[in-house]
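Please consider the following chain and its three-dimensional model. The paragraphs below proceed from the surface to the fold, the interior and the charged side chains.

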Amino acid sequence: QIVVRGEEIEPCPNGMSIDQMRKMHYGFEELDCNGMSELAERCRKAGLEELFLTGMKIYRNSDKEGEQASESKTTGRRKN
């Protein structure tokens with residue numbers, strides 16, 4: 001079973017192919033067991049950092065209540 005945690009949908013202008021619009025190279029590359037930082041950096045460089053973080057269930061909230069909720073999920077406690 002696959003769960004989609006995040007997606008970005010962009011229209012493809014006339015005359016452009018999907019391959020021309022790719023933000024990362026096409027294909028599959030296996031990273032070593034410590035490769036999460038490498039993947040994060042590649043996503044950041046491609047402008048996909050927020051999508052990567054969503055995939056990892058890491059949510060950034062700008063409001064204070066959201067920050068407390070995020071911390072609660074990570075540490076199990078709320079800020080006072």
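The chain exposes about 7200 Å² of surface, of which carbon and sulfur atoms supply 50%. Of its 80 residues, 12% count as buried. The model is a predicted one, and confidence in it must therefore be read alongside the geometry, since pLDDT expresses the predictor's confidence in each residue on a scale from 0 to 100. The average pLDDT of the chain is 79, and 76% of the residues score at least 70.

Confidence differs between the elements of the chain: helix H2 has the highest mean pLDDT, at 93, while helix H4, residues 64–75, has the lowest, at 46. Over residues 63–80 the pLDDT stays under 50, and for this stretch the model has 13 contacts beyond four places in sequence.

The secondary structure consists of 4 helices and 0 strands. Read along the sequence, the pattern is α-α-α-α. Among the contacts in the chain with a separation of 6 or more, those between residues 24 or more positions apart account for 22%. One pair with such a spacing in sequence is arginine 22 and alanine 46, which stand 24 residues apart along the chain and have C-alpha atoms separated by 9.3 Å.

Which residues make up the largest nonpolar core? This core has 5 residues, namely Ala40, Cys43, Leu48, Phe52 and Leu53. Helix H2, spanning 36–45, and helix H3, spanning 49–55, each supply at least two residues of the core. In soluble globular proteins, nonpolar side chains tend to be buried together. Leucine 53, a member of the core, also touches Ile58 and Arg60 when residues up to four places away in sequence are not counted.

The cysteines deserve separate attention. Is cysteine 43 buried or exposed? Cysteine 43 counts as buried because its relative accessibility is 9%, under the 20% limit for that class. Cysteine 33, in contrast, has a relative accessibility of 75% and therefore counts as exposed, the threshold for exposure being over 50%. The structure holds 0 disulfides.

The discussion now turns to charged side chains. Side chains of opposite charge can pair when their charged atoms come close. How many salt bridges does the count come to? The count comes to 7 salt bridges.

Two of the pairs belong to helix H2. In one of them, the side chains of glutamate 38 and arginine 42 meet with an N to O distance of 2.8 Å. These residues lie 4 residues apart in H2, about one turn of the helix. Glutamate 38 has a relative accessible area of 37% and is therefore partly exposed; arginine 42, at 26% relative accessibility, also counts as partly exposed. In the other pair, glutamate 41 and arginine 44 form a salt bridge with an N to O distance of 2.6 Å. Both residues lie in H2, 3 residues apart, again about one turn of the helix. Glutamate 41 counts as partly exposed because its relative accessibility is 31%, and arginine 44 is partly exposed because its relative accessible area is 39%.

A further salt bridge joins aspartate 19 to arginine 22, with the closest N and O atoms 2.7 Å apart. Aspartate 19 counts as exposed because its relative accessibility is 52%. Arginine 22 lies in the loop between helix H1, residues 18–21, and H2. At 36% relative accessibility, arginine 22 counts as partly exposed. Elsewhere, Glu8, Glu10 and Lys23 are linked in a network of salt bridges.

One backbone feature remains to be described. Where is the place of lysine 57? Lysine 57 is found in the loop between H3 and H4. Although lysine 57 is not a glycine, its phi is positive, at about 60°. Lysine 57 has a relative accessibility of 53% and therefore counts as exposed.

Notes: Residues numbered from 1 in each chain as written. Heavy atoms only, no water. Core = buried A, V, L, I, M, F, W, Y, C linked by side-chain atoms within 4.5 Å. Buried < 20%, exposed > 50% of the residue type's maximum accessible area, 1.4 Å probe, protein only. Contact = heavy atoms within 4.5 Å. Disulfide = S-S within 2.5 Å. Areas by Shrake-Rupley, 256 points an atom, 1.4 Å probe, with all protein chains shown as cover. Salt bridge = Lys/Arg side-chain N within 4 Å of Asp/Glu carboxyl O.
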